[in-house]
Amino acid sequence: HISNIISIIDDKGYDGVIIDYEDLRADQEEDFTKYMRNLSEEVHSKEKTLGISVPVETQGKVSHGINIVDLSKVVDRMHMNVYEQHGPETKPGPIASIDWTNRIIKNAIDQGVEPNKIILGTAHSGHDWVVKPEEEFIKDMATDETLDLLQKTNAELQWDEEKQASFFKYKDEDDREHIVWLEDARSFQAKIDLAKAYELQGIFFWYLGGEDPQIWEKL
């Protein structure tokens, strides 16, 4: 498997590779760390870059079989997927509140991950819930689609100072009450400020193409 990855990097002339294996079992932790260590040796022997996408927790260093501390020592970039705090399986709330984001970053650093290895992941999306008459998750959409909905419904964009997140409310044609939380330029600026405060390596987007156009002014 490592040989195949190296062959792809060589054949395509890539700068490196980001590993994204999800939902590993707890008993695979040791083997996965060994795999990443061996892959690191091969990638770095080619003077290429190795990154890994990791699940996030507000406490502990191991999640879904991935030991963030051990792996941070053999990779160049640790992409932390700091989004989906609220979604289809939760009550309405922000994509990633600033407090939740801060706790995830602080936990990783407290466990022993160097801040300059961390790349903060931000999801440029919006979530739409019905809140009355009965609470129900309706839709996951890109931020630009969410902003279109804001305009079509003539709703007022509001700001939650504590969560550092934007939201709006509207009623649909069936007179149901909705609340929509989104990651827009203002909430993204709060993430930029946090990344700077911790002196992280950088920020990545999930995904390009649906973001609030104003984020480029923030960047």
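1. A quick definition before we start: the expected span of a helix is 1.5 Å times one less than its number of residues. Try that on helix 4, which has 14 residues. From its first C-alpha to its last, helix 4 reaches 20 Å, close to the 20 Å expected. Keep in mind throughout that you're looking at a predicted model.

2. Now step back to the whole chain. There are seven helices and 12 strands to find, and the C-alpha atoms fill a box of roughly 60 × 35 × 30 Å along the principal axes. Of the 219 residues, 47% count as buried. The chain exposes about 11900 Å², with carbon and sulfur atoms supplying 44% of that area.

3. How much of the contact pattern joins residues at least 24 apart in sequence? If you take contacts between residues at least 6 apart, 64% of them do. As for charges, the chain has 24 positive and 45 negative ones, and the mean positions of the two sets are 3 Å apart.

4. Helix 2 is a nice one to look at next. It runs over residues 29–45, so to speak a 17-residue helix, and its ends are 24 Å apart from first C-alpha to last, close to the 24 Å expected. Its buried residues are F32, T33, Y35, M36, L39, S40 and V43. Why do they end up on the same side of helix 2? Because they cover an arc of only 160° around the axis. The general rule behind such a pattern is that an α-helix has 3.6 residues a turn, so residues three or four places apart point the same way.

5. Turn helix 2 around and you'll meet the exposed residues E30, D31, K34, E41 and S45, on the face turned away from the buried side. The buried residues of helix 2, meanwhile, pack against helix 1 (2–12), strand 1 (16–19), strand 2 (49–54), strand 4 (66–67) and helix 3 (68–72). Just after the helix, E47 takes a positive phi of about 60°.

6. Back to helix 4, residues 98–111, where you'll find W100. Is W100 buried or exposed? Its relative accessibility is 14%, and buried means under 20%, so W100 counts as buried. Leaving out residues up to four places away in sequence, W100 touches V56, T58, V82, Y83, Q85 and I95. For a sense of distance, W100 and S3 are 97 residues apart in sequence and 39 Å apart in space, C-alpha to C-alpha.

7. W100 has company in helix 4: the buried residues there are I98, W100, T101, I104, I105, N107 and A108. What do they pack against? Their partners are helix 3, strand 5 (77–80), strand 6 (118–123) and helix 6 (185–198). Just after helix 4 comes G112, with a positive phi of about 130°.

8. Finish with helix 5, residues 143–152, where T143, T146, L149 and L150 are buried. They lie on the same side of helix 5 because they cover an arc of only 115° around its axis. On the other side, Q151 and K152 are exposed. The buried residues of helix 5 pack against four strands: strand 7 (125–132), strand 8 (136–142), strand 10 (165–171) and strand 11 (177–182). Following helix 5 is N154, whose phi is positive, near 55°.

Technical notes
Residues numbered from 1 in each chain as written. Predicted model: local features only at pLDDT ≥ 70, side-chain atom pairs only at ≥ 80, totals over all residues. Heavy atoms only, no water. Helix = DSSP H or I, 4+ residues; strand = E, 2+ residues; numbered from the N terminus. Buried < 20%, exposed > 50% of the residue type's maximum accessible area, 1.4 Å probe, protein only. Arc of directions from axis to C-beta. Contact = heavy atoms within 4.5 Å. Areas by Shrake-Rupley, 256 points an atom, 1.4 Å probe, with all protein chains shown as cover. Lys, Arg positive; Asp, Glu negative; His and termini not counted. Charge placed at Lys NZ, Arg CZ, Asp CG, Glu CD.
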